[in-house]
Every structure is written in C-alpha cells, then in structure tokens.
Amino acid sequence: MTLKDYLSQCVLLDSAINCKLEQLEELKRKELQSKSFLQSFSGGGSQSKVEQTVVKICMLEQEINDDIDKYVDLKREIGELIGSLSDITLKTLMEKHYLCGKKWELIAEEMFISLRNVMYLHKKAMATLEEKYSGSGIA
C-alpha cells in the first residue's frame with residue numbers, strides 16, 4: 001500500500017459509513033411504511049417478516065458501529081503520522097485533505113495560496129513522510 005493510499009483510507013471509510021447510514025435510514029423508513037409492519041401492531045400480518053427486518057437493521061447498525069471504531073482508530077493513526085511533520089503549513093494542508101476530506105481547491109482558498117502551490121506543498125509533505133517512514137511499511 002502506498003502512503004497516499006494509506007492516508008486516503010480515512011476519507012474513504014468516512015464515505016462508506018455515510019453510505020451505510022443512508023441505507024439504514026432507508027431501510028427503517030421503508031419498514032415503517034410497510035403494511036406488514038403496521039399490521040404486526042394490530043395483531044395481524046407476518047411477525048417473522050417484521051422480525052427479519054429488525055434483525056437486518058440491527059446487523060447493519062452493528063456494521064456501522066464496527067466501521068466507526070475502525071474510523072476513529074485510523075483517524076488517530078493518520079493524525080499522528082501527519083502530526084510528525086514539523087512544518088505547520090504542510091501539517092495543516094495534509095490534515096485538511098486527509099482528515100477533513102476537503103478538496104484541494106477549497107484548501108487553496110482557505111489557506112490563501114494558489115492551487116499550484118497547494119500541489120507543490122502536498123508533494124513536499126508526501127516526500128517528507130515517505131522519507132521519514134520508508135522502513136515502516138507505510139510508505
């Protein structure tokens with residue numbers, strides 16, 4: 001795995017968690033609207049269908065919780081890696097992109113520098129981290 005792939009995991013995992021949260025909300029919404037769910041409270045309908053859906057919801061919630069645990073650990077690890085940069089500008093740029101998921105254009109705007117300079121600084125930060133962690137298996 002390249003250093004860039006390693007650093008990008010945080011943003012990708014955050015996106016995957018958000019996708020699962022959307023799926024969960026959709027599943028809950030559909031179940032609440034279904035006749036079988038409403039009938040189960042009035043004594044009719046298929047109880048096993050409702051139970052199956054509740055089990056699916058619980059399983060998806062557990063998956064989301066597991067992913068959030070991984071996300072928190074990964075974010076801490078990547079934060080420590082980026083935190084090892086001594087240059088505050090490089091550190092800020094890397095945190096904004098890899099921990100906050102911001103696009104390069106927005107980072108350039110927020111830091112009051114050109115996009116070209118952002119890309120130059122990113123390359124410099126990556127080279128610094130690769131040199132620093134070349135034997136660790138990360139880079």
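**Exercise 1. Establish which residues T53 touches beyond its immediate sequence neighbours, and decide whether T53 is buried or exposed.**

Solution. Once its neighbours within four places in sequence are left aside, T53 is in contact with L27 and E31. T53 itself belongs to helix α3, which covers residues 47-83, while α1 spans residues 3-33. The relative accessibility of T53 is 7%, and because buried means under 20% relative accessible area, T53 counts as buried.

**Exercise 2. Describe the overall make-up of this predicted model and state where its confidence is lowest and where it is highest.**

Solution. Begin with the secondary structure: the protein has six helices and zero strands, which gives the pattern α-α-α-α-α-α when read along the sequence. Next, consider burial and contacts: 30% of the 139 residues count as buried, and among contacts between residues at least 6 apart in sequence, 64% join residues at least 24 apart. Finally, turn to confidence, since the coordinates are predicted: the mean pLDDT of the protein is 89, with 88% of its residues reaching 70 or more. Confidence is lowest in helix α2 (residues 35-41), where the mean is 57, and highest in α5, where it is 98. Where pLDDT is low, the predicted coordinates should not be read in detail.

**Exercise 3. Determine which residues of α5 are buried, and how they are arranged around the helix axis.**

Solution. Helix α5 runs over residues 104-111, and its buried residues are W104, I107, A108 and M111. Viewed down the axis of α5, these buried residues fall within an arc of 100°, so they line one face of the helix. The partners of these buried residues are then α4 (88-99) and α6 (115-132), against which they pack.

**Exercise 4. Characterise the packing of α5 with α6, and name the residues that meet.**

Solution. Two packed helices are described by the angle between their axes and the distance between the axes. For α5 and α6, the axes come within 9 Å and cross at roughly 105°. That makes α5 roughly perpendicular to α6, because angles of 65 to 115 degrees are assigned to that class. On the side of α5, the residues that meet α6 are W104, E105, I107 and A108, and their counterparts in α6 are L115, V118, M119 and H122.

**Exercise 5. Examine F112: where does it lie, what is the sign of its phi, and is it buried or exposed?**

Solution. F112 is placed in the loop between α5 and α6, and it comes just after α5. Its phi is near 60°, a positive value in a residue other than glycine. With a relative accessibility of 77%, F112 counts as exposed, whereas M111 in α5 is buried.

**Exercise 6. Find how many aromatic pairs the structure holds, and classify the geometry.**

Solution. A search of the whole structure finds one aromatic pair. The rings are those of Y98 and W104, with their centres 6.4 Å apart and their planes at 80°, so the pair is edge-to-face. The burial of the two partners completes the description, for both Y98 and W104 are buried.

**Exercise 7. Classify the packing of α1 with α4, and then locate C100 relative to α4 and α5.**

Solution. The axes of α1 and α4 lie 8 Å apart, and the helices pack at an angle of about 60°; α1 and α4 are therefore oblique to each other. The residues of α1 that take part are K4, L7, S8, C10 and V11, which meet M94, H97, Y98 and L99 in α4. C100 lies in the loop between α4 and α5 and is exposed, with a relative accessible area of 54%. C100 and D14 are separated by 86 residues in sequence, although their C-alpha atoms are 9.8 Å apart in space.

**Exercise 8. Work out the surroundings of L129.**

Solution. L129 sits in helix α6 and counts as buried, at 0% relative accessibility. Leaving aside neighbours within four places in sequence, its contacts are L3, L7, L81, S84, L85 and M94. Two of these, L7 and M94, also appear among the residues where α1 and α4 meet. In addition, L129 and I82 are 7.9 Å apart from C-alpha to C-alpha, with their positions 47 residues apart in sequence.

Conventions
Residues are numbered from 1 along each chain as its sequence is written. This is a predicted model: local features need pLDDT of at least 70, side-chain atom pairs count only at pLDDT 80 or more; totals for chains, interfaces and linings use all residues. Side-chain values use heavy atoms; hydrogens and water are left out. Buried means under 20% relative accessible area, exposed over 50%, partly exposed in between (1.4 Å probe, protein chains only). Helices (H or I, at least four residues) and strands (E, at least two) are DSSP runs, numbered from the N terminus. The arc is that of the directions from the helix axis to the C-beta atoms. Contact means heavy atoms within 4.5 Å. pLDDT is the predictor's confidence in each residue, from 0 to 100. Rings of Phe, Tyr and Trp (its six-membered ring) pair if their centres lie within 6.5 Å; planes under 30 degrees apart count as stacked, over 60 as edge-to-face and the rest as tilted. Axes are lines fitted to C-alpha atoms, for helices over the stretch in contact, and angles run from 0 to 180 degrees between N-to-C directions. Angles under 35 degrees count as roughly parallel, over 145 as roughly antiparallel, 65 to 115 as roughly perpendicular and the rest as oblique.
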